[in-house]
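Visitor: I have a model open and some questions about it. Can we go through them one at a time?

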Amino acid sequence: METSPETITPEGGNLAQKPKKKIWLLIILISIAFFFNGIPNAKGRPFYSPEHPSNLKRERGNTNRDDSSREDPENAYDKIILEAARRHEVHPALIKAIIKAESSYNSKAVSKRGARGLMQLMPGTARAMGVKNSFNPSHNINGGTRYFKHLLDEFEGNIRLALAAYNAGVEKVKKYGRVPPYKATRSYITKVISYYREYRSEMRMMARS
């Protein structure tokens, strides 16, 4: 049997061959590590390859969570608001302003007095407006808008009096014949009107663009 020259070379030849084997082994290990995204970058973190199957799976799994975290809560319910505005003939900017002042767009908000949801409906008001679930954005916004429309009709379209009644109650407004002299109610009206003007201005700008 013939013997390869490498097997009969002096010990020095074997020493020269071993580094070559180590280099090839190192290259193979690096290639495997790179394929599985295990090679650290300059900051000590693994390189990220979106094309890798495991990362594509990770991206798909996180899509909903990432979108919801980036979504602007002030625009999350616009479709529902526009539908309620058309149905009950209330300006959508005013509905958005009430939601902003009442719950800051927190659909799970509950006040100390028991008002619930985006437009902070009391249980009795919710039942009267046919709201089955006050924590459901669609139910709450439609019920709250319907109630506010009722208040606008009650006070002949006077927004300030309707807001006062929404905050302090119809009987309080009728008792004083004007906005009740409550600091909280007056502050509430000022806040809503400010938001209303802001949202209305934004909507006009969007309509022009």
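Visitor: Is Ser 134 buried or exposed?

Guide: Ser 134 is buried, at a relative accessible area of 10%. Buried means under 20% relative accessible area, exposed over 50%, and partly exposed in between, with a 1.4 Å probe and protein chains only. This is a predicted model, where local features need pLDDT of at least 70, side-chain atom pairs count only at pLDDT 80 or more, and totals for chains, interfaces and linings use all residues. Residues are numbered from 1 along each chain as its sequence is written, and side-chain values use heavy atoms, with hydrogens and water left out.

Visitor: Where is Ser 134 found, and which residues does it touch?

Guide: Ser 134 is in the loop between α6 (123-128) and α7. Leaving aside residues up to four places away in sequence, Ser 134 touches Arg 116, Gly 117, Leu 121, Ala 126 and Asn 140. A contact here means heavy atoms within 4.5 Å.

Visitor: How many helices and strands does the chain have?

Guide: There are 10 helices and zero strands. Both are DSSP runs numbered from the N terminus: helices are H or I with at least four residues, strands E with at least two.

Visitor: What about the largest nonpolar core, how many residues has it?

Guide: The largest nonpolar core has 41 residues, and Ile 141, Phe 148 and Tyr 166 have the most contacts inside it. The elements giving two or more residues to this core are α4 (78-88), α5 (92-103), α7 (137-154), α8 (159-168), α9 (170-176) and α10 (183-208). The largest share, seven residues, comes from α5. Such a core is a set of buried Ala, Val, Leu, Ile, Met, Phe, Trp, Tyr and Cys residues joined through side-chain atoms within 4.5 Å.

Visitor: Which residues does Tyr 166 touch?

Guide: Not counting residues up to four places away in sequence, Tyr 166 touches Ile 98, Glu 102, Met 119, Leu 121, Gly 144, Tyr 147, Phe 148, Leu 151 and Tyr 188.

Visitor: On to pockets. What volume has the largest pocket, and which residues are closest to its centre?

Guide: The volume of the largest pocket is about 700 Å³. Of its 23 lining residues, Glu 102, Arg 113, Tyr 166, Asn 167 and Ala 168 are the closest to the centre. On a 1 Å grid over the protein atoms alone, a pocket is an open set of points where a 1.4 Å probe fits, with protein on both sides within 12 Å along at least five of seven lines; lining residues have an atom within 4 Å of a point. Grid points are joined across faces, edges and corners, and a volume is the space filled by probe spheres set on the points.

Visitor: How do the residues of that lining divide?

Guide: The lining of the largest pocket has 11 nonpolar, seven polar and five charged residues. Ala, Val, Leu, Ile, Met, Phe, Trp, Tyr, Cys and Pro count as nonpolar, Asp, Glu, Lys and Arg as charged, and the others, Gly among them, as polar. The largest share of this lining, five residues, comes from α10.

Visitor: And the second largest pocket, what is its volume?

Guide: The second largest pocket has a volume of about 210 Å³. Its lining divides into six nonpolar, one polar and five charged residues, and α10 supplies the largest share, four residues.

Visitor: Last topic, backbone. What is the phi of Glu 89?

Guide: Glu 89 has a positive phi of about 60° although it is not a glycine. Glu 89 sits in the loop between α4 and α5 and is exposed, with a relative accessible area of 62%. Glu 156 has a positive phi of about 55°, lies in the loop between α7 and α8 and is exposed at 76%.
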